[in-house]
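Q: I am new to this structure and would like a close look at a single part of it. Please take one strand and describe what surrounds it.

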Amino acid sequence: MKGRIVWVLAAVCLLLAGCRRAEPETPPEPSPPPASVQPEENQPAEKPRPLFLESLSVEVMVDWEDADRMLGSLDELSRLLDGALEEVGCTLGEPATVTIGTAGGITAQALADGGVDVAFLPAEDLLTTEEDAAVGVLMNTDQDFFLAASTAREELDEHFRSLLENALTMTEDGQAFLETCYPGVEFIRAAERPAES
């Protein structure tokens with residue numbers, strides 16, 4: 001019997017040793033809330049997704065009397081357009097080809113057929129191709145003259161048209177390009193066209 005009592009006492013001692021008094025755990029200090037990141041006013045805007053095009057052809061519509069003046073500027077126009085596009089993230093494999101057109105209908109047909117990637121056109125000529133071959137990108141403030149992009153090449157998509165808008169309206173080279181082609185004419189995004197009443 002003594003042996004049993006000894007075993008019971010030993011078991012109780014072991015149980016008591018295992019059940020030592022638990023000290024209350026100190027909760028960890030809460031971490032401070034993350035500081036909210038306030039965008040700085042002068043922080044640069046997020047850069048647009050870059051784009052590479054092997055080539056780009058642009059036809060500039062002018063009156064007969066301006067054709068000679070423009071022919072002497074083609075190399076400079078190509079340089080300005082390349083610089084403007086590169087500044088907004090569109091790189092060309094070869095320099096842009098800039099040509100002169102004097103007949104809106106012929107240029108519109110070339111745009112529709114994919115012979116020209118981008119063209120400046122009178123509104124009535126753009127309307128002949130707009131449904132299935134061209135998309136207006138820029139327009140003059142009188143809304144009678146447009147810059148349109150062909151839909152014949154898959155890579156001349158909405159992303160390209162957005163980069164082209166930015167290149168011509170938001171860079172010095174782009175504005176110089178427009179001013180050389182059409183002195184004194186102000187261009188705005190075609191999407192900003194006011195609703196007709």
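A: The model is predicted. As a setting for the close look, the protein chain has 7 helices and 8 strands. Of its 197 residues, 37% are buried. Among contacts between residues at least 6 apart in sequence, 69% join residues at least 24 apart.

The part chosen here is strand β7, which spans residues 145-150. β7 is mostly covered, with 6 of its 6 residues buried. In a regular strand, side chains alternate between the two faces of the sheet. In β7, Phe145, Leu147 and Ala149 point one way, while Phe146, Ala148 and Ser150 point the other way. Both sets are buried, and here that means under 20% relative accessible area.

Two strands pair with β7. One is β5, residues 118-122, which runs antiparallel to β7 and is joined to it by 5 bridges. Within this pairing, Phe120 stands opposite Leu147 of β7. The other is β6, residues 134-140, also antiparallel to β7 and joined to it by 5 bridges. Here Met139 stands opposite Phe146 of β7. β6 and β7 together form a hairpin, with 4 residues between the two strands. In the turn, Gln143 has a positive phi of about 60 degrees.

Helix α4 also belongs to the surroundings of β7, since β7 is among the elements that the buried residues of α4 pack against. α4 covers residues 104-113, and its buried residues include Gly104, Thr107, Ala108 and Leu111. These four lie on the same side of α4 because they cover an arc of only 100 degrees around the axis. The face turned away from this buried side carries Ile106 and Asp113, which are exposed. The buried residues of α4 pack against β5 and β6 as well, the two strands named above. They also pack against β2 (57-61), β4 (97-101) and the helix α5 (123-127). After α4 comes Gly114, with a positive phi near 85 degrees.

To put the pieces together, β7 has bridges to β5 and to β6, and the buried residues of α4 pack against β7. The residues of β7 are buried whichever way they point.

For the outside of the protein chain, the accessible surface comes to about 13100 Å². Carbon and sulfur atoms account for 54% of that surface.

Methods:
Residues numbered from 1 in each chain as written. Predicted model: local features only at pLDDT ≥ 70, side-chain atom pairs only at ≥ 80, totals over all residues. Heavy atoms only, no water. Buried < 20%, exposed > 50% of the residue type's maximum accessible area, 1.4 Å probe, protein only. Pairing = 2+ DSSP bridges. Arc of directions from axis to C-beta. Contact = heavy atoms within 4.5 Å. Areas by Shrake-Rupley, 256 points an atom, 1.4 Å probe, with all protein chains shown as cover.
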